[in-house]
Every structure is written in structure tokens, then in C-alpha cells.
Amino acid sequence: AVAVLAALLWAVVTVHAQEWRAGIDSRIELMGILFRLAGNSEYHQCRVPAYDKAIEKYFAPYRDHEAVQLARSLGIGFEAPMKLAIYLRDAESLEERVPFDRPSVHLYAAWDPAPVRAFLVAARRFAVETNFQEFLRSQQPLYDASNARLQAFLRDRADLAWFARFFGPQPPAHLVIVPGMANGAPSYAARFVDESGAQEIYAIPGISKVDGAGLPVFDSDWRNVMVAELAHVYVSPPAARFAARMQSPARRIYQAVAPAMQRQSYGDSGTMLNQSLSRAVTIEYVMEHDGQEAARIAIQKENARSFFWMSGLVGLLDTYRKGRDQYQTFDSFMPRVAQFFANTAPKIQELTDRLQPKVVSTSIAEGARDVDPGTKQIVVRFSMAMTRAGPKKSSKISGGRFDTTGTVLTIPVALEADRDYAIPLRWSGGQSFVSADGVPLPGATLRFRTAPAPPPKKP
């Protein structure tokens, strides 16, 4: 067991006074597997095929283990199991690195150390009874290959010293990069502070891509996710300090984009605000390392996720990045950030109207009655150019076609008399129409009723 744990330890590298370590973490894997068995869908997305099969085969007999049942009873998910993992000493003892009773330890909304400690007692038995160390040994070749790739990638293609430069003087922190092998695409961030005040800032990006050999792929997309997760930890304290000032405008902005935010599991305005900042910081990283065009594409992708204020926020952070003689730390710039959101809130509808496509008109009015059943086509006009081809096999809309401008869609129909119709305005595979800039059309359905058939003519 000691040999296996030693093999899983991270490489520690110091670059320009920024110490970091990177590699697979057995605590992260154990928690990911337990919450996968507990039924959390976000922990059932492993995309490393051989690893996914190994987990399923090895741990399937333990689905009803007490630790799994207690994991389920905690009612937590997403980042909470990962935050818990980094507060544990190792995957064998599962000891608390700092006492959970400390006022500063608050790992999720309804945090209560008592049920967590009961869960950890059962999790220790789970690790023993499943011989979790044997599972780790069986996966050692995969771990070794993945770690070697990751550490080479970070040395050669990532600039981890950038965070200290961008955010300004901060309390010393070790950056810890952990690939979530069992996690699939979902990615998380966390901060650990020990009793001496030393801190670790974790990025836990999931593995979303593998190569032909089934090994994790670390590329610029993965790097950007890692940067975003680290940025999320850095921006959280200053955002919390200005939360009261930003609360009212953030709520107003959130109301305008709530459905899109909720689809991304961002359930409140505070989460949206933190995500806005971490994404804007990531684009600053992209701009500095990959250039203006890469940053423009990144902003376009954020518009597609309904962060319609991203261009303005990135422009504001450009002011910070270029004016470090005036703003030596990100904290010192936060009043400008707070004012940005205050200024954006009254304009959110204008931003939405400009960037989000809408249905301008339909040749059959929404809710119309007595529509002629002899109608052969429906014409839909959009507020902006749309992407004219659908995703892969869903590229048709029951024979419908966009015109060359992408603003007009004609859908052939064969209607029957005296019937209610509900025609979803989306691709036949269920995917949303998107603008030429990649912003989805909000869910839209055209509803109408056809007229009764005329009475038969008298002879």
C-alpha cells in the first residue's frame, strides 16, 4: 500500500516562485467512485473507456455498501465530494487534515460534521472491504502514463506563474492540478487552508477526451478548463467581499438569463457572478497566451452560454491588466468590477436582444384558430442570421430549409382539419437552433388549431 501511495504522489515543481504539483489523487478517485455508486449522475460520466469498465466491474458488488448508502443520504453532489476529498489526509485513513469543527471549515451549504464523520467511518470500511489499494495497483500503468503526460503538458504548455502575476501579491499558495479520472467532463475547484494558514488551490478538471490508446488528452481546451477552475478559487474571496454591493444588480441580470444559467447548474445570482469573473479571467489568460482571435472566439462561446456581458467584462479586465501601476492587486480593482455589474443590470435586456436570436414572426400566428388545413408551408423569420445546417444527423427539420440569409426558415407541412398542432422550432434531433454566432434560440413552440373541414356540398 505504501508503494502504491508513493507512486500516486505528485511531482512538485517550482517555476518563477510558484510551486505546483500535479497528478492523479487517490482521495479524489475514492470519493468520485463512492458518489458514482450512490447514483450521482455527475459522477457517472467517466470517459476513459478502460477505466470506466474497471470501476464498474470492480465495485459493482458494493453498490449497497453502507458507505454508498450514507453518501446518498448526505444529499450532496458536484463540487462538494471533491472539497471533502481534499480535506482528508489520505485514501486509507480518511482522517481530517484539520478538525471539521473549525468555524472556517464549511464545505457545502448544509454542512454538518456529524453525518460526514459517520460517512467517513463507513468509507474506511469500504476502502478495506473492497481492497481499494488493490484497485489502485491494478490501474497503476494508466495512472503512470496519465501523470507523465500531464506533468509534461503543464511544464511545456501551461503558465502557472501567471496567476501570481495577474492577481497580484497574495498569501503563498501551492497550486494543485488533479485530473478527475473518474469524473468525465465535470470539473471542480477547491481551496484548502491548514492550521498554520498555508493554503492549497486545487483545480480538478475532468477528463473529457482520450486518444486512440485510451489515454487522457491534455490540450488547450483542457488547459482553459484548468485555468478557469484555478481562477474560480482566486476570484471567490474578493467577490465575497463585494457580494452585498453586487447583489441587487446580479439578481436583476440573473432573472434575464435564469433558464440558461439553471441548465448549467448555476442556481443563483452569486454563482453566476463568480462564474462570470472566473470565465473573464480565463479569457484574459487566453488573450495573453493565444492572442486576440482566440480570445474573441472564447467570448463568442460565452455568449452562447448566455453570459452576454462577457465582452464588456473582459474589456474591463483589460484595463486592469494594462494598468497595474494603478491597480496592484485584483482586490484593488473590485470596485470597478462592482460598478460594471451595476451599470450592466439596466442594460441586460438590450444585451439579450442584441445577442440572443428570437422568432420575429411566423406565417401562422401563435395561438391562431381556424387555420386553413390546406396550408402547405410555415414561414418563420428570425431576428438574426442562424446557422443553416444542424448538428450531424439532425441537419433537417422535416424537409424545412433556411434561405441564404439564414434569417428565414420555410417548413413544409401537411395539416389535417380540426386539429391542435404544436411544432417545436428546433432541429429534428431535439437540438436548439443557434445563431451564426453560436447563441441558442430559447425554446420556442408554435401552437395553433386548424379549422374544421367544410361541410360536404349538396348534390
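## Overall composition

Of the 459 residues in the chain, 49% count as buried. The model is predicted. Its chain holds 16 helices and twelve strands, and the C-alpha trace spans about 95 × 60 × 45 Å along its principal axes.

Contacts between residues at least 6 apart in sequence were also sorted by separation: 72% of them join residues at least 24 apart.

## Helix α6 and its surroundings

Helix α6 covers residues 113-129, which is 17 residues. At 1.5 Å a residue the helix should span 24 Å, and its end C-alpha atoms are 24 Å apart, so the expected and modelled values agree. After α6 comes N131, whose phi is positive, near 55 degrees.

The buried residues of α6 are P113, V116, F119, L120, A122, A123, F126 and A127. What do these buried residues pack against? Their partners are five helices: α2 (26-37), α3 (49-59), α4 (66-74), α5 (79-86) and α7 (132-138).

## Helix α5

Helix α5 is mostly covered, with six of its eight residues buried. These are A80, P81, M82, L84, A85 and I86.

The packing partners of the buried α5 residues include both helices and strands: α2 and α6 on the one hand, β4 (188-193) and β5 (199-204) on the other. The contact with α6 appears from the other helix as well, since α5 is among the elements against which the buried residues of α6 pack.

## The α8-α10 contact

Helix α8 (residues 140-157) packs with helix α10 (residues 220-241) at an angle of about 80 degrees, and the two axes are 12 Å apart. Angles of 65 to 115 degrees count as roughly perpendicular, and α8 and α10 are therefore roughly perpendicular to each other.

On the α8 side the contact is made by L150, F153, L154 and R157. On the α10 side, S220, W222, R223 and M226 take part. By class, the residues of this contact divide into five nonpolar, one polar and two charged.

## The four-stranded sheet

Four strands form an open sheet in the order β6-β8-β10-β9, with antiparallel pairing. Which strands stand at the edges? They are β6 (359-362) and β9 (401-402); each has a single partner strand, so one side of each is left without a neighbour in the sheet.

Within this sheet, β8 (residues 377-382) and β10 (residues 408-412) are joined by five bridges in the antiparallel sense. V379 has T410 in β10 as its bridge partner.

## The three-stranded sheet

Another open sheet consists of three strands in the order β7-β12-β11, and its pairing is mixed. The edge strands, β7 (368-371) and β11 (420-424), each pair on one side only. From one strand to the next the twist averages 30 degrees.

The two pairings of β12 account for the mixed description. Strand β11 pairs with β12 (residues 445-450) in the antiparallel sense over five bridges, whereas β7 and β12 run parallel and are joined by two bridges. In the antiparallel pair, Y421 stands opposite F448 of β12, and P424 has T445 in β12 as its bridge partner. In the parallel pair, V371 stands opposite T450 of β12.

## Loop residues with positive phi

Most residues other than glycine have a negative phi. L94 and S265 have positive values instead. L94 has a phi near 50 degrees and is found in the loop between α5 and α6. S265 has a phi of about 70 degrees and lies in the loop between α11 (243-263) and α12 (269-290).

Are these loop residues buried or exposed? L94 has a relative accessible area of 1%. The cut-off for buried is under 20%, so L94 is buried. S265, at 47% relative accessibility, counts as partly exposed, a class that lies between the 20% cut-off and the 50% cut-off for exposed.

How values were computed:
Residues are numbered from 1 along each chain as its sequence is written. This is a predicted model: local features need pLDDT of at least 70, side-chain atom pairs count only at pLDDT 80 or more; totals for chains, interfaces and linings use all residues. Side-chain values use heavy atoms; hydrogens and water are left out. The expected span of a helix is 1.5 Å times one less than its number of residues. Buried means under 20% relative accessible area, exposed over 50%, partly exposed in between (1.4 Å probe, protein chains only). Contact means heavy atoms within 4.5 Å. Two strands pair if DSSP finds at least two bridges between them. Axes are lines fitted to C-alpha atoms, for helices over the stretch in contact, and angles run from 0 to 180 degrees between N-to-C directions. Angles under 35 degrees count as roughly parallel, over 145 as roughly antiparallel, 65 to 115 as roughly perpendicular and the rest as oblique. Ala, Val, Leu, Ile, Met, Phe, Trp, Tyr, Cys and Pro count as nonpolar, Asp, Glu, Lys and Arg as charged, and the others, Gly among them, as polar.
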